[in-house]
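Please open the model in your viewer and keep the sequence panel visible beside it. The tour below moves from one selection to the next and says what is found at each stop.

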Amino acid sequence: LEGGGGEGEEEEADKERAAEARQESSGEPEGRASETSQPVMSKYNQDLVVECLQDEGMEESVVFELWDYGGQDVFYALFHLFITRYGMFAVLFNMEELISGDEKVRKECLDFIEFWLSTIYLHTSQASSDSCSPILIVGTHKDKVSNPLHHLYISRILDEKFREHIAWPHVQVFEQNNSKFAPSMAEDVEGWTKRMFDVIDLDQSSTLELEEMKRFFGQQGDANLVQQFFSFIDLDRDGKVSFTEFKAACSQSLSFFPVDNTAGHVDPVIPHILSVIEKIALGADYIQQRVPFAWIKCLDSIKQTGKDV
């Protein structure tokens, strides 16, 4: 009996050692669900993450909180609770709507932008300086409105519409020369621009004429605005746009940031937007404002309750 019991104990010990070996190789305690079945965040020590964020050498870092709020009309009455001067604001619009041949759709898009420019200025302006919080206008659907000429055309529409708006001086400019203006990071910018030029140059004359420009914009473009736009990019005023002039137009600063929202960070304009936001934040006076420790402790206590206040 003793011999049999000893063998049983040895078998149990072997099983325990095997279980420990499996645990060491997998990095998981015995009985824990497989790695793929666990939420990713559950694998991180959140206290350690917070400790790293507070580590020395990060005094110049800024931690951002993003507020995504319902856009339906019923929520408008509460927006003033979130729109303060202690923030930056991105106003998004669909570029397809702004170049639409439907005048009603274009008007609704411009009215939407104007509403938010006015709202942001109303709630963030400072009487002492006639300034308001920084605003970024972002045009989405660049996967469908990819031609840089369309982007410049949209920028001209925005400039014409809002140049007298009180909030317009606080709208951030997209300096295209500071970002690779191409569908992907790897593509040759000049080669891509040349292909866009050839699409408009129907007679292959190596220059663009007003009629070709009108055909390019088609029913989507206002005839008077297209003519003004053509004159704007015809730098030598000879009635034709060369590839050099077209390339110069495609690299001009825009009053908005065109993005392909399906591509994420692969679109180089999106990281550019993030860098603009970070630069603005680091220069904001309220970022350097010292906050009493008691306030921070109070905020932490409120958050720990997990209840709305």
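Helices, such as the one that ends just before our first glycine, are DSSP runs of at least four residues, numbered from the N terminus. With that in mind, and remembering throughout that this is a predicted model, select helix H11, residues 293-305, whose 13 residues reach 19 Å from the first C-alpha to the last, close to the 18 Å expected at 1.5 Å a residue. Then step to Gly-306, just after H11, where the backbone takes a positive phi of about 70°.

**The whole chain**

Zoom out and colour the chain by secondary structure, which comes to eleven helices and five strands. Of its 309 residues, 32% count as buried, and among the contacts between residues at least 6 apart in sequence, 69% join residues at least 24 apart.

Now colour by confidence instead: the chain averages a pLDDT of 77, and 74% of the residues score at least 70. Confidence is lowest in helix H1 (residues 2-26), with a mean of 51, and highest in E2, with 95. Over residues 1-5 the pLDDT is below 50, and the model shows zero contacts for this stretch beyond near neighbours in sequence. Residues 24-41 also stay under 50, although for them the model has twelve contacts beyond four places in sequence.

**The sheet**

Select strands E1, E2 and E5, which form an open sheet in the order E1-E2-E5 with parallel pairing. Strand E1 (89-94) and strand E5 (257-258) are the edge strands, each pairing on one side only. Between E2 (residues 135-140) and E5, which run parallel, there are two bridges; to see where the two strands face each other, show Val-138, which stands opposite Phe-257 in E5. Adding helix H4 (residues 103-124) to the selection shows how this helix lies across E1 and E2, running at about 175° to E1.

**From Tyr-121 to His-170**

Staying in helix H4, select Tyr-121, which counts as buried because its relative accessibility is 11%, below the 20% cut-off. Leaving aside neighbours within four places in sequence, Tyr-121 is in contact with Asp-130, Ser-131, Cys-132, Ile-166, Ala-167 and His-170.

Follow the last of these contacts to His-170, which is found in the loop between helix H5 (148-162) and helix H6 (189-200). The C-alpha atoms of Tyr-121 and His-170 are separated by 9.3 Å, while the two residues are 49 apart along the chain. Is His-170 buried or exposed? At 16% relative accessibility, His-170 counts as buried. Not counting residues up to four places away in sequence, His-170 touches Tyr-121, Asp-130, Ser-131, Cys-132, Ser-133, Pro-134 and Ile-135.

**Helix H5**

For the last stop, select helix H5, whose end C-alpha atoms are 21 Å apart, in agreement with the 21 Å that its 15 residues should span at 1.5 Å a residue. At its N-terminal end, Asn-147 acts as a cap, with a side-chain oxygen lying 2.8 Å from the backbone nitrogen of Leu-149. Where does H5 sit relative to the rest of the structure? Twelve of its 15 residues are buried, so H5 is largely enclosed by the rest of the structure. To check this in the viewer, show a surface and look for the buried residues of H5, among them Pro-148, His-150, His-151, Tyr-153, Arg-156 and Phe-162.

Note on methods:
Residues are numbered from 1 along each chain as its sequence is written. This is a predicted model: local features need pLDDT of at least 70, side-chain atom pairs count only at pLDDT 80 or more; totals for chains, interfaces and linings use all residues. Side-chain values use heavy atoms; hydrogens and water are left out. Buried means under 20% relative accessible area, exposed over 50%, partly exposed in between (1.4 Å probe, protein chains only). Contact means heavy atoms within 4.5 Å. The expected span of a helix is 1.5 Å times one less than its number of residues. Two strands pair if DSSP finds at least two bridges between them. Axes are lines fitted to C-alpha atoms, for helices over the stretch in contact, and angles run from 0 to 180 degrees between N-to-C directions. pLDDT is the predictor's confidence in each residue, from 0 to 100. A polar contact is a pair of N or O atoms within 3.5 Å; within protein, one must be able to donate a hydrogen and the other to accept it, and residues adjacent in sequence count only if both atoms are side-chain atoms.
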